[in-house]
Amino acid sequence: MFAILPGDGSSGTEALNAKSPPLAVLFVCLGNICRSPLAEAAFRQAAQRIGLEVTIDSAGTGAWHVGSAPDPRAQAVATRHDASIAELRARQVQREDFARFSHIFALDRDNLKALRQIAPPGNGAALSLLLDLVPGKEGQGVRDPYFGDEAGFEETWTEVAEAARRLAQKLTQD
Ligand code: 4NP
């Protein structure tokens, strides 16, 4: 799902046509039903809190869940943190995303590797690992909560929210 902040019905295309370099951030995990929708929601919240105007989206490197709503456990944790991801639908990352987004964050190293394999050569999005934003967690991945229990989803939120806060601050300063 695309969203522009502040939300007034503007489209992603309009934001990308803005005069100043448009900020557009994509979060990528495997299925796009657990970690990256939570990262998307946490970053939307963090950006909104500091008035950062940015296009935000998420995607998966895998195609199994394309068109599905986020995992109910992810929806529940988002709700507990005053965010809603119920309206999001999973999609698979595309090569074109490297032109549409200024920044792409992989949720773990496997997905970073998969993204590097499809990245077109040239000046595309800056590609990095999400937890590289968090001091002490550089090089680490956000653990996949899919095969675990509810508590794992809360841990996911804690990790992505910390990275999201730092990312919003960083993009405001850049
Ligand atoms: P996500 O979690 O990558 O955080 O969305 C997963 C969701 C589904 C599967 C694996 C990970 N799966 O194997 O179906």
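# Exercises on a predicted model

Arg 143 touches Arg 35, Gly 152, Glu 155, Thr 156 and Glu 159, leaving aside residues up to four places away in sequence. The model is predicted.

**Exercise 1. Place Arg 143 in the fold and describe its surroundings.**

Step 1. Find the element. Arg 143 sits in the loop between strand E5 (126-129) and H6.

Step 2. Look for a polar contact. The side chains of Arg 143 and Glu 155 are joined by one of 3.5 Å.

Step 3. Check a residue far along the chain. Asp 108 is 35 residues apart from Arg 143, yet their C-alpha atoms are separated by 7.6 Å.

**Exercise 2. Which residues surround the ligand, and which polar atoms lie by its oxygen atoms?**

Step 1. List the surrounding residues. One stretch is Cys 29, Leu 30, Gly 31, Asn 32, Ile 33, Cys 34 and Arg 35. His 65, Asp 144, Tyr 146 and Phe 147 also surround the ligand.

Step 2. Take the backbone. A backbone N or O atom of Gly 31 is 2.8 Å from a ligand oxygen atom. For a polar backbone atom of Asn 32, the distance to an oxygen atom of the ligand is 3.2 Å.

Step 3. Take the side chain. An N or O atom in the side chain of Asp 144 lies 3.2 Å from an oxygen atom of the ligand.

**Exercise 3. Classify the packing of helix H2 (residues 35-50) against H6.**

Step 1. Get the geometry. The two axes come within 8 Å and cross at roughly 40°.

Step 2. Name the arrangement. H2 and H6 are therefore oblique to each other.

Step 3. Give the hand. The crossing of H2 past H6 is right-handed.

Step 4. Identify the contact. From H2, the residues include Leu 38, Ala 42, Phe 43 and Ile 50. From H6, they include Phe 153, Trp 157, Val 160 and Leu 171.

Step 5. Sort by class. The contact of H2 with H6 has 16 nonpolar, four polar and two charged residues.

**Exercise 4. Do the same for helix H3 (residues 72-80) and helix H6 (residues 150-173).**

Step 1. Get the geometry. The axes of H3 and H6 come within 9 Å and cross at roughly 55°.

Step 2. Name the arrangement. That angle makes H3 oblique to H6.

Step 3. Give the hand. H3 and H6 cross in a right-handed way.

Step 4. Identify the contact. H3 supplies Arg 73, Ala 74, Val 77, Ala 78 and Arg 80. These meet Glu 150, Phe 153, Glu 154 and Trp 157 of H6.

Step 5. Sort by class. The contact of H3 with H6 holds five nonpolar, no polar and four charged residues.

Terms used:
Residues are numbered from 1 along each chain as its sequence is written. This is a predicted model: local features need pLDDT of at least 70, side-chain atom pairs count only at pLDDT 80 or more; totals for chains, interfaces and linings use all residues. Side-chain values use heavy atoms; hydrogens and water are left out. Axes are lines fitted to C-alpha atoms, for helices over the stretch in contact, and angles run from 0 to 180 degrees between N-to-C directions. Helices (H or I, at least four residues) and strands (E, at least two) are DSSP runs, numbered from the N terminus. Angles under 35 degrees count as roughly parallel, over 145 as roughly antiparallel, 65 to 115 as roughly perpendicular and the rest as oblique. A crossing is left-handed if the near helix is turned anticlockwise from the far one by less than a right angle, and right-handed if clockwise. Contact means heavy atoms within 4.5 Å. Ala, Val, Leu, Ile, Met, Phe, Trp, Tyr, Cys and Pro count as nonpolar, Asp, Glu, Lys and Arg as charged, and the others, Gly among them, as polar. A residue is near a molecule or strand if one of its heavy atoms lies within 4 Å of it. A polar contact is a pair of N or O atoms within 3.5 Å; within protein, one must be able to donate a hydrogen and the other to accept it, and residues adjacent in sequence count only if both atoms are side-chain atoms.
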